[in-house]
Number of protein chains: 4
Amino acid sequence: MIKVGIVGGTGYTGVELLRLLANHPEVSVEVITSRSEEGMRVDDMYPNLRGHYDLQFTVPNVTTLAQCDVVFFATPHGVAMKMAPELVEQGVRVIDLGADFRIKDLELWSKWYGMEHTSPALAAQAVYGLPEVNRVAIKDARMVACPGCYPTATQLGFLPLVENGLIDHRRLIADVKSGVSGAGRGANVGSLLCESSESMKAYGVAGHRHLPEVKQGLSEAAGRPVGLTFVPHLTPMIRGIHATLYGILKDPVDGLQALFEERYANEPFVDVMPAGSHPETRSVKGANMCRLSVFRPQNDDTVVVLSVIDNLVKGAAGQAIQNMNIMFGFDETEGLRHAGMLP
Amino acid sequence: MIKVGIVGGTGYTGVELLRLLANHPEVSVEVITSRSEEGMRVDDMYPNLRGHYDLQFTVPNVTTLAQCDVVFFATPHGVAMKMAPELVEQGVRVIDLGADFRIKDLELWSKWYGMEHTSPALAAQAVYGLPEVNRVAIKDARMVACPGCYPTATQLGFLPLVENGLIDHRRLIADVKSGVSGAGRGANVGSLLCESSESMKAYGVAGHRHLPEVKQGLSEAAGRPVGLTFVPHLTPMIRGIHATLYGILKDPVDGLQALFEERYANEPFVDVMPAGSHPETRSVKGANMCRLSVFRPQNDDTVVVLSVIDNLVKGAAGQAIQNMNIMFGFDETEGLRHAGMLP
Amino acid sequence: MIKVGIVGGTGYTGVELLRLLANHPEVSVEVITSRSEEGMRVDDMYPNLRGHYDLQFTVPNVTTLAQCDVVFFATPHGVAMKMAPELVEQGVRVIDLGADFRIKDLELWSKWYGMEHTSPALAAQAVYGLPEVNRVAIKDARMVACPGCYPTATQLGFLPLVENGLIDHRRLIADVKSGVSGAGRGANVGSLLCESSESMKAYGVAGHRHLPEVKQGLSEAAGRPVGLTFVPHLTPMIRGIHATLYGILKDPVDGLQALFEERYANEPFVDVMPAGSHPETRSVKGANMCRLSVFRPQNDDTVVVLSVIDNLVKGAAGQAIQNMNIMFGFDETEGLRHAGMLP
Amino acid sequence: MIKVGIVGGTGYTGVELLRLLANHPEVSVEVITSRSEEGMRVDDMYPNLRGHYDLQFTVPNVTTLAQCDVVFFATPHGVAMKMAPELVEQGVRVIDLGADFRIKDLELWSKWYGMEHTSPALAAQAVYGLPEVNRVAIKDARMVACPGCYPTATQLGFLPLVENGLIDHRRLIADVKSGVSGAGRGANVGSLLCESSESMKAYGVAGHRHLPEVKQGLSEAAGRPVGLTFVPHLTPMIRGIHATLYGILKDPVDGLQALFEERYANEPFVDVMPAGSHPETRSVKGANMCRLSVFRPQNDDTVVVLSVIDNLVKGAAGQAIQNMNIMFGFDETEGLRHAGMLP
């Protein structure tokens with residue numbers, strides 16, 4: 001039984017961590033912090049958790065958090081880089097669901113996130129927490145940077161193609177669609193039901209913060225810098241990401257289906273669908289799973305990959321727990337074996 | 001480990017049984033039937049179950065089903081009453097999620113369901129599966145009739161008032177709102193997204209089949225026939241029932257909050273919210289839970305009870321499993337302890 | 001051609017006024033104000049209006065507004081009562097879509113709205129803008145107080161019963177359901193898609209500001225104070241109100257259908273549906289219409305009325321324009337003749 | 001005043017024609033047909049039309065239809081090609097909202113639609129009803145084939161680039177997202193609210209019937225055959241198409257914004273948004289409008305065009321009426337000038 005702390009527990013990734021950890025037999029959540037909701041019971045804010053937790057939100061405090069075995073940061077960028085170094089120094093292992101430690105090039109990070117990075121040393125040793133790529137390194141990591149939601153869906157879809165050099169690395173296109181929970185629980189007009197339901201729109205076409213993260217991951221996989229056009233869309237639903245990925249095959253190639261199946265044969269949380277399937281985001285609702293399928297329409301040289309996840313689970317809280325399981329030697333699927341909720 | 005069969009596995013209560021039973025440590029689903037989808041893999045129809053089941057739909061067959069310890073009927077009315085008697089005779093315990101065994105007065109049943117009842121003997125011994133009322137009888141029942149979704153939410157909300165004779169029994173009003181999954185997975189125009197989203201409507205105001213069921217239950221609790229106006233509404237969401245219940249207090253009474261809390265103090269799946277709370281259906285999404293609150297607006301003599309459930313869980317599949325747990329001596333909460341999914 | 005000003009044009013009733021007035025042949029919108037968005041083009045904020053307006057938001061200013069023939073206030077309570085008196089003095093006719101002038105008893109108003117009323121003189125001469133009750137008085141009014149959305153649906157549904165003394169006036173129940181746009185365009189967490197979609201909840205059961213307004217209107221119609229239980233619900237859709245109204249018939253009465261049809265025979269914007277119909281909110285989406293039906297379930301003594309409107313049209317902007325048409329001698333249906341948008 | 005007939009009036013394009021034509025001053029709808037609903041009043045099926053039409057559905061009959069000046073076919077493919085020739089022969093002008101006359105290569109048509117074309121002569125003279133390309137030919141056409149919804153959004157977005165030869169014509173990608181009303185009012189399980197809301201999925205990736213139609217239009221514009229990858233997605237909303245279009249610029253080019261603005265400067269129903277805008281489908285909800293914006297992310301050689309329409313209006317009924325206006329010499333915007341409904 002390990003002790004868990006959560007910094008920034010009032011957002012959607014926070015409550016999702018709590019929901020998933022409630023059924024994890026190896027952990028006990030001891031601390032959950034929120035500056036704005038200090039003293040409030042967790043289940044007053046999130047009545048779905050009534051009967052599951054007796055906790056109150058407390059102000060984040062390193063002394064208290066240092067008594068945990070692992071601390072999750074479910075915070076906006078800029079928070080973890082300030083508190084994590086001291087925790088790691090005191091022997092706590094840290095899993096950041098935010099963006100502070102995802103990008104290795106800190107100048108690039110600063111450009112996209114608009115602030116100086118205050119913790120370059122820890123950033124240097126942080127491990128990018130995509131188990132399907134970095135499982136071994138995650139095992140011993142002190143600091144794990146969980147991938148963003150778009151980057152998870154996009155990388156898992158492109159990896160088999162890029163790792164094998166099958167597509168023109170200069171011309172990747174990711175047309176990605178996210179449910180509104182990806183925008184968080186902040187009180188923004190754009191996330192109101194009356195603004196975001198019954199409508200579809202692209203946003204950030206000129207540039208989105210997940211672009212450099214995806215490029216970094218795919219460039220590593222490709223062994224050289226990739227070119228990527230990345231267009232996110234706000235989709236009128238609560239949860240789910242659907243990535244539609246386009247690449248140009250260098251050579252006419254058969255066996256894409258087998259390639260994908262082999263790549264992920266031993267992955268518990270990547271499911272390559274039967275040929276011709278169209279994965280639906282609802283098939284992974286609430287579940288730590290990425291479902292993929294691959295097409296070559298009209299047997300032409302364009303390859304299309306469909307990749308779906310629940311942005312709050314495999315795209316955030318579930319993947320964080322998967323990382324924790326790896327780090328602490330638990331069964332990687334512990335607490336994450338439930339099926340998606342359909343309908 | 002008991003063997004489970006499911007008759008009528010293609011509907012929403014069927015897939016919900018499968019989702020919930022996938023994590024139940026004491027059961028193994030051995031048979032799942034569907035006339036229309038014979039031979040289809042369960043996870044081809046419901047991709048959320050990929051990795052959880054290896055089953056195919058088979059044509060319902062008493063010989064095969066008789067090898068199960070318990071058989072769930074997730075079928076429209078008229079099916080269970082034909083197959084259940086033979087199964088019960090062969091020692092199988094049966095839990096019907098449909099309507100065949102809910103109403104004791106079979107003439108009344110015939111009037112509302114438009115057919116003769118073919119199994120009056122079994123109907124006579126069937127136990128109405130509302131554990132909060134009938135737990136003891138359920139334990140030894142061969143045949144359990146699971147309550148309908150509206151009746152579960154409505155009865156749990158009215159029971160403390162009616163059992164104690166606090167409200168005028170002739171003038172109960174239940175204004176109930178259901179998500180569209182209550183209408184099932186049948187291809188009806190009225191359940192299309194384009195017909196039922198972005199709209200609200202009442203239906204069956206002149207008479208709905210759940211009316212006599214609720215009246216039966218509340219009349220038993222009251223010790224005399226109750227009068228009930230029951231108005232169901234179709235609400236633009238997938239899951240959830242919100243029952244808003246109105247009664248006229250016979251005497252000015254304090255302590256309604258305490259009354260409700262005491263009535264359900266030992267019930268694992270009924271949660272009386274703090275005074276002044278407004279339960280949301282999403283707080284029970286996917287969970288086997290009924291959340292209640294009680295009000296006396298303006299300290300007048302009208303009492304208002306708010307009662308929410310997930311129609312597919314506490315209103316169907318979850319309650320069926322709760323009944324199974326009681327019948328087989330498992331912990332009543334086995335397989336049903338997870339929190340609702342929010343957001 | 002009259003000159004129109006709109007104070008508070010950034011909210012949903014503001015944009016709805018603009019949408020509807022764009023096709024009104026007798027008006028020209030000359031001024032639209034917003035303190036927060038000064039200088040912004042109206043169609044930058046609301047791209048659906050591109051090509052329809054050339055206006056920018058300006059800071060509200062009495063001198064400018066005084067050049068209009070009519071000024072609409074689409075503002076939170078507390079704004080109109082400060083600016084309207086001076087405008088009325090200068091000969092401008094004012095239509096308030098907010099709550100400042102709806103309640104005649106200003107002490108009661110203060111109790112529910114939490115502030116002193118600063119304009120009692122104008123409040124005394126304000127006409128309650130429900131044309132189906134006050135058409136004659138509206139014609140010459142300098143100041144019209146448009147009814148709230150819930151009050152419109154509730155009063156139109158109860159009026160035929162209450163005016164004729166057919167139901168027990170002490171025991172009216174209004175179970176009302178509103179789309180989320182009723183909560184306005186403010187950045188509130190509770191109105192986020194992720195908080196309000198896929199869920200149903202009641203709110204304000206202990207007391208809602210529309211309760212005294214409805215009681216005032218129905219008491220006038222009844223000729224004595226009515227007793228009302230009023231329970232509003234937040235419904236996961238953008239637009240629409242569905243009021244389900246309950247009354248106890250004093251005597252067994254036939255001919256309720258005829259009574260309703262006669263009451264509204266000459267009303268262009270109240271449609272009594274054929275007996276047995278269940279009006280859907282989507283049938284009035286975008287249209288200035290109230291659709292009603294009336295039931296006596298099981299021929300018992302409870303009468304149920306179903307009443308639907310679009311909260312932004314017949315519940316706000318459309319009704320305001322209907323009032324304007326009456327005040328300026330235009331055809332009452334001018335600019336309001338389009339059908340609801342379905343699907 | 002011209003006489004209008006509508007064949008196949010029970011679907012969503014049928015009711016949308018009725019909604020829009022109700023306010024058109026130059027037309028009178030005289031006949032509306034439906035085999036399945038013969039004798040039913042139009043406003044019994046579509047209560048939003050109560051007060052607007054007195055019509056009943058009749059069985060389609062050439063004699064009756066021949067008394068109309070124009071007949072719209074709002075029918076599945078295969079219907080118009082059987083009835084239209086005789087109507088055209090009798091001097092009726094026909095506008096087909098279905099697919100029968102869209103594709104010039106009838107062998108190709110047969111391959112995609114799975115039946116022989118029974119009216120090749122009329123197909124040869126049919127004019128493709130995209131006014132932004134074919135306005136002059138439409139004016140005198142006897143037979144107009146209205147473009148499909150996806151093809152309208154896709155072609156309008158690509159046209160300025162393709163007509164000017166700016167992008168690699170072999171590598172067009174259209175990632176298109178449609179609301180569920182695009183699937184029609186048929187009782188299909190896939191279109192149920194419980195199947196299609198709260199989820200996103202691609203479909204028909206291997207091949208969709210709108211692919212050859214788009215290729216035909218863009219090939220004509222390019223002056224040579226284009227290569228197109230076309231991936232449609234089902235989006236959880238009622239109305240709206242969002243096309244996200246990708247092309248590879250042959251040369252680094254400035255002035256794409258100006259190019260788009262000039263191309264559509266005189267088009268009443270194409271709105272090029274200011275640079276940097278992201279059009280939302282809700283900005284065109286219910287309106288006959290296509291909103292476009294164009295991007296060159298990171299100033300790279302990939303151009304991204306965003307194109308939104310309401311699939312039932314500019315993608316079907318509205319465009320059909322626009323064609324009718326052109327054919328009969330009415331103002332092209334008659335009956336189509338209203339703003340989109342937002343929120």
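Q: What makes up the area that chain B and chain C bury between them?
A: In this predicted model, the two chains bury about 3800 Å² between them, and 56% of that is on carbon and sulfur atoms. The figure is the accessible area lost on being put together, summed over both sides. On the chain B side, the residues losing the most area to chain C are B:Glu198, B:Met200 and B:Val205, which together make up 16% of what that side buries.

Q: How many residues of chain B are in contact with chain C?
A: Counting heavy atoms within 4.5 Å as contact, you get 46 residues of chain B against 46 residues of chain C.

Q: What makes the pair B:Glu195 and C:Arg282 a salt bridge?
A: Their side chains meet at 2.5 Å, N to O. The cut-off is 4 Å between a side-chain nitrogen of Lys or Arg and a carboxyl oxygen of Asp or Glu, so an Arg and a Glu at 2.5 Å pass. The count between chain B and chain C is six salt bridges. As for where the touching residues sit, strand E7 (172-178), helix H9 (193-196), strand E8 (201-202), E9, E10 and strand E13 (302-309) of chain B each supply at least two residues to the side that touches chain C.

Q: How many residue pairs are in polar contact across the interface of chain B and chain C?
A: The rule finds 30 such pairs, with both residues at pLDDT 80 or more.

Q: How do you know how chain B and chain C are related?
A: Lay chain B on chain C and the RMSD comes out at 0.0 Å, using a turn of 180° and a shift of 0.0 Å along the axis. The two copies are thus related as by a two-fold rotation axis. In chain B, the C-alpha nearest that axis belongs to B:Pro236, 3.1 Å from it.

Q: Through what surface do chain B and chain C meet, and how do you know?
A: The interface residues of chain B are, at 100%, also interface residues in chain C, so the copies meet through the same surface.

Q: What does the interface of chain A and chain D bury?
A: About 3800 Å² between the two chains, with 56% of it on carbon and sulfur atoms. The contact takes 45 residues from chain A and 46 residues from chain D. In chain A, A:Glu198, A:Met200 and A:Val205 lose the most area to chain D, together 16% of what that side buries.

Q: Why do A:Lys177 and D:Asp175 count as a salt bridge?
A: Put the distance next to the rule: their side chains meet at 3.0 Å, N to O. That is within 4 Å, and the pair is a Lys with an Asp, so the name fits. Across the interface of chain A and chain D there are six salt bridges, along with 30 residue pairs in polar contact, both residues at pLDDT 80 or more.

Q: Why is B:Arg239 called buried?
A: Its relative accessibility is 3%, and buried means under 20%, so B:Arg239 qualifies. The residue lies in the loop between strand E9 (228-234) and strand E10 (241-248) of chain B.

Q: What makes the link between the side chains of B:Arg239 and B:Glu16 a polar contact?
A: The two side chains are at 2.7 Å, and the limit for a pair of N or O atoms is 3.5 Å. The side chain of B:Arg239 also reaches into another chain's backbone, with the oxygen of A:Pro343 at 2.8 Å.

Q: Is A:Cys149 buried or exposed, and how do you know?
A: Buried: A:Cys149 has 13% relative accessibility, and the line is drawn at 20%. The residue sits in helix H8 (residues 149-163) of chain A. An unreviewed UniProt entry annotates A:Cys149 as "active site".

Q: Which residues is A:Cys149 in contact with, leaving aside its neighbours within four places in sequence?
A: They are A:His210, A:Ile241, A:Ile309, A:Asn311 and A:Gly315.

Q: Why does C:Ile103 count as buried?
A: Its relative accessible area is 3%, which is under 20%, so C:Ile103 is buried. You'll find C:Ile103 in the loop between strand E4 (93-96) and helix H5 (106-113) of chain C. Residues up to four places away in sequence aside, C:Ile103 touches C:Leu108, C:Trp109, C:Tyr113, C:Pro212, C:Glu213 and C:Gln216.

Conventions:
Residues are numbered from 1 along each chain as its sequence is written. Chains are lettered from A and ligands numbered from 1 in the order in which they are written. This is a predicted model: local features need pLDDT of at least 70, side-chain atom pairs count only at pLDDT 80 or more; totals for chains, interfaces and linings use all residues. Side-chain values use heavy atoms; hydrogens and water are left out. Copies are superposed by least squares on the C-alpha atoms of residues with pLDDT of at least 70 in both. UniProt positions are given in the numbering used here, feature names are shortened, and annotations may be inferred rather than shown by experiment. Helices (H or I, at least four residues) and strands (E, at least two) are DSSP runs, numbered from the N terminus. Buried means under 20% relative accessible area, exposed over 50%, partly exposed in between (1.4 Å probe, protein chains only). A polar contact is a pair of N or O atoms within 3.5 Å; within protein, one must be able to donate a hydrogen and the other to accept it, and residues adjacent in sequence count only if both atoms are side-chain atoms. Buried area is the accessible area (1.4 Å probe) that two parts lose on being put together, summed over both.
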